[in-house]
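Student: Could we go through this structure together, one question at a time?

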Amino acid sequence: MMNDIIVSLQNIAAEYDGERVIDNLNLDIRNEEFITFLGPSGCGKTTTLRIIGGFVNPVAGDVFFDGKRINGLPPYQRHVNTVFQRYALFPHLNVFENVAFGLRLKKMPADQIHKKVQNMLELVNLSGFENRNINQLSGGQQQRVAIARALINEPKVLLLDEPLGALDLKLRKDMQIELKRIQQALKITFVYVTHDQEEALTMSDRVIVMRNGKILQSGTPQDIYNEPANAFVADFIGESNIISGVMHKDYLVEFAGVLFQCEDAGFTPMEAVDVVVRPEDIDVVPIEQGKITGRVEDIIFKGVHYEITVSGHGFNWLIHSTDSQQVGEMIGMTLTPNDIHVMRKMEEKK
Ligand SMILES: Nc1ncnc2c1ncn2[C@@H]1O[C@H](COP(=O)(O)OP(=O)(O)OP(=O)(O)O)[C@@H](O)[C@H]1O
């Protein structure tokens, strides 16, 4: 029977020159999952990917692949392949030979190689480009060749380290859709690294938010966006109003000098908390109906909505609204209990 967990990282620690960069990391990656490590530069995403690939050995903990412990197993003996940001293609070989390379190493018969490479080029939308030189391709096309080359040996897991980082925005968005389609067509596990939150939310079945070598939250894009585990995740994923507050008792929190009903419980009475409110969850109402009131300071038209900054109760509130307002106008704002996300204060490191 196929193991549902393809990769398991257990109590992993990693160091460079004696400095710890991954700390007691635990993660199970499921078969056929599109999983993304997301976090700011230096948080340990690439190192975690390299541990799975066998390029970095952890100083503590175990790596399992399909139920077998594989610590110390060299990269080429793992059923894993990697696509890097820079494509590392062979410049002296054409598209066909770049993709065929892994099969030639295996001494596969020529007719089989031909068939497999053609199928793979079709999958990445490069049929007809067989004889092109690498330097005659656009960045996006080169990245497709790199993906085809990484997939031709049918790895069980494909590791992708910021593979679209060198592409311009429009091409990156097209390639995001392409990659998702390829992953679904082949039904293999993709482990993806990015520091672009929108990219992570668009493509992934599950997002792992990292900071300082630790996992802060693991969940579906919807979980991460709607129920961020703490203020850092909320701030990193999308835009937020983050306000210091005090929990009075279960379901009652005070912030901006006002008491609000919320849906959160289990805090100590008078515990200091962070309150996160998404800009699209604030409703603008006539001033006399507002629990919070403020002055419109700034309005930016964003196409789908207006981004409105309102000062009031000692805070600058960011609001996304489909209705515009007047700069200088006084307005009211309301929040419903499920728009208010109460979070434990994070202990700060460094
Ligand atoms: N080869 C190395 N030698 C020494 N320190 C390293 C090495 N590679 C990474 N580091 C350090 O380890 C930490 C984690 O780096 P890592 O590359 O895993 O982060 P990342 O989240 O992938 O960052 P980025 O998004 O910038 O690639 C950083 O502090 C980095 O400076």
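Tutor: Let us settle one term before anything else: Ala, Val, Leu, Ile, Met, Phe, Trp, Tyr, Cys and Pro count as nonpolar, Asp, Glu, Lys and Arg as charged, and the others, Gly among them, as polar. This is a predicted model, in which local features need pLDDT of at least 70, side-chain atom pairs count only at pLDDT 80 or more, and totals for chains, interfaces and linings use all residues. Residues are numbered from 1 along each chain as its sequence is written.

Student: How do the residues of the shell around the ligand divide into nonpolar, polar and charged?

Tutor: The residues around the ligand, each with its C-beta atom, placed from the backbone, within 6 Å of it, include Tyr 16, Asp 17, Lys 45 and His 195. Sorted by kind, the shell divides into 3 nonpolar, 7 polar and 2 charged.

Student: Which helix gives the most to the shell around the ligand?

Tutor: Helices (H or I, at least four residues) and strands (E, at least two) are DSSP runs, numbered from the N terminus. With 3 residues, the one that gives the most to this shell is helix H1 (residues 45-53).

Student: Why is Leu 93 described as partly exposed?

Tutor: Leu 93 is found in the loop between strand S6 (80-83) and helix H2 (95-105). A residue is buried if 20 or more other C-beta atoms, placed from the backbone, lie within 10 Å of its own, exposed if 12 or fewer, and partly exposed in between. Leu 93 is partly exposed because the number of other C-beta atoms within 10 Å is 15.
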